[in-house]
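Open the structure in your viewer and keep the selection tool at hand. The stops below say what to select and what to look for there.

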Amino acid sequence: MSIVVTGASGQLGHRVAELLLDQVDPAQVVLVTRRPEALADLAARGASVRKGDFDHPDSLREAFAGAERLLLISTDAVGARAHQHAEAIDAAKAAGVRLIAYTSVPNPTTDNPAAVADDHRRTEELILASGIPYVFLRNALYSEMQVGAAQGALASGQLVTNEGDSRTAYVTREDCAAVAAAVLAGGDHAGQAYDVTGELLSAADRAAIFAEVGGRPVEVVAVDDDALQAGLEAAGLPHGLPHVLTSFGAASRQGFLDVESDVVERLTGRPPQRLRDVLEAQRAALVAA
């Protein structure tokens, strides 16, 4: 069985590959990236490394040759990646891939206001239309994203949010990688849409955790979408990111991220990591904020 991982030089892809190499014969593992030189460590463990670029479909056809299982990690081109994914799906079909695992999001529906939802919905539809057996890995928001949020909240004493009283099931990148590796390594997962989630937390829950780990009080300040986006823009975040983050808050407020499952424990044999654990590992940085 040949297993292909796209985006293998990214944080998620690299970790999936590391875990996969612990579970299967390294000769079965093919890692696809635009930067093969970045994967020398995994090549040294026996994985094959191939150059592939989502903007150059011919490279994907060569990179996917002989693949049986494919992990399609969504690219970072928000708003444009459905076209890139379409090329990858076509290349997978041409290569005779028997299973595509795709990293999606919870509730990728037309009414989900999250800026990333439409790309994921369209990609899932393209995979379904391809006829290739699939597994949708609907990863919740990364817990690691909350490290920066905690630093800002501890520095200002405020957690400014447009989430209202909703809850979001944050999950660690490590747990997402472990689930993906488990799916690729074997078993019958075809036709499944797995919500890969951790603990459900409200803004008030997160503020309390920030305060306990960071040793300073944090107050929740509720604002509307426009005010949050304006504040994020004023803080100097990269172009487009304030809109994406604001849209996540709106999606949470409307219940699209209030999804809890046992997928992490069921597929990995251990419970999902807690946000508190992620922040505890970064305590020094939080205290210095």
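A residue counts as buried when its relative accessible area is under 20%. With that cut-off, strand S6 is mostly covered, since 6 of its 6 residues are buried. The model is a predicted one.

**Stop 1: strand S6**

Select residues 134–139, which form S6. Which residues lie on each side of S6? Tyr 134, Phe 136 and Arg 138 are on one side, and Val 135, Leu 137 and Asn 139 are on the other. Both faces are covered, and the residues named on them are all buried. In a regular strand, side chains alternate between the two faces of the sheet.

Stay with S6 and show the side chains of Tyr 134 and Phe 136. A search of the whole structure finds 1 aromatic pair. The ring centres of Tyr 134 and Phe 136 are 4.4 Å apart and their planes are at 25 degrees, so this pair is stacked. The cut-off behind that step is that planes under 30 degrees apart count as stacked. Tyr 134 and Phe 136 are both buried.

**Stop 2: the partner on one side, S9**

Add residues 192–196, which are strand S9. S6 and S9 run parallel and are joined by 5 bridges. To find a point of contact between the two strands, select Asn 139 in S6, which stands opposite Val 196 in S9.

**Stop 3: strand S5**

Next select residues 99–104, strand S5. How many bridges join S5 to S6? There are 5, and the two strands run parallel. Two of the partnerships can be picked out by name: Ala 101 has Val 135 as its bridge partner in S6, and Thr 103 has Leu 137 as its bridge partner there.

S5 is mostly covered, with 6 of its 6 residues buried. Leu 99, Ala 101 and Thr 103 point one way from the strand, while Ile 100, Tyr 102 and Ser 104 point the other way.

Now show helix H5, residues 117–130, together with S5 and S6. The three elements make a right-handed β-α-β unit.

**Stop 4: strand S4 and helix H4**

Select strand S4, residues 69–72, and helix H4, residues 81–95. S4 runs parallel to S5, and 4 bridges join them. Leu 70 stands opposite Ile 100 in S5. The chain crosses from S4 through H4 to S5, and this β-α-β crossover is right-handed.

**Stop 5: two loop residues**

In the loop between S4 and H4, select Val 78. Is Val 78 buried or partly exposed? Its relative accessibility is 41%, so Val 78 counts as partly exposed. Setting aside neighbours within four places in sequence, Val 78 is in contact with Ala 115, Val 116 and Asp 119. His 120 is 42 residues away from Val 78 along the chain, and the C-alpha atoms of the two are separated by 9.7 Å.

Move to Asn 107, in the loop between S5 and H5. Most residues other than glycine have a negative phi. The phi of Asn 107 is near 50 degrees, a positive value in a residue that is not glycine. Asn 107 counts as partly exposed because its relative accessibility is 29%.

**Stop 6: two arginines**

Select Arg 173 and Tyr 142. Arg 173 lies over the face of Tyr 142, at 4.5 Å from the ring centre.

Then select Arg 206 in helix H8, residues 203–214. Why does Arg 206 count as buried? Its relative accessibility is 3%, which means a value under the 20% cut-off. Not counting residues up to four places away in sequence, Arg 206 touches Gln 146, Leu 159, Glu 163, Tyr 170, Leu 201 and Leu 275.

**Stop 7: Pro 271**

Find the loop between helix H11 (263–268) and helix H12 (275–281), and select Pro 271 in it. Leaving out neighbours within four places in sequence, Pro 271 is in contact with Val 264 and Glu 265. Pro 271 and Asp 175 are 96 residues apart in sequence, and their C-alpha atoms are 9.0 Å apart in space.

**Last stop: the annotated range**

Finally, select residues 7–185. An unreviewed UniProt entry places the feature "domain: NAD(P)-binding" on this range. Over residues 7–185 the chain is 44% helix and 18% strand. The end C-alpha atoms of the range are 18 Å apart.

Notes
Residues are numbered from 1 along each chain as its sequence is written. This is a predicted model: local features need pLDDT of at least 70, side-chain atom pairs count only at pLDDT 80 or more; totals for chains, interfaces and linings use all residues. Side-chain values use heavy atoms; hydrogens and water are left out. Buried means under 20% relative accessible area, exposed over 50%, partly exposed in between (1.4 Å probe, protein chains only). Contact means heavy atoms within 4.5 Å. Rings of Phe, Tyr and Trp (its six-membered ring) pair if their centres lie within 6.5 Å; planes under 30 degrees apart count as stacked, over 60 as edge-to-face and the rest as tilted. A charge sits over a ring if NZ of Lys or CZ of Arg is within 6 Å of the ring centre and within 35 degrees of the ring normal. UniProt positions are given in the numbering used here, feature names are shortened, and annotations may be inferred rather than shown by experiment. Two strands pair if DSSP finds at least two bridges between them. A crossover is right-handed if, with the strands pointing away from the viewer, the path from the first strand over the helix to the second runs clockwise.
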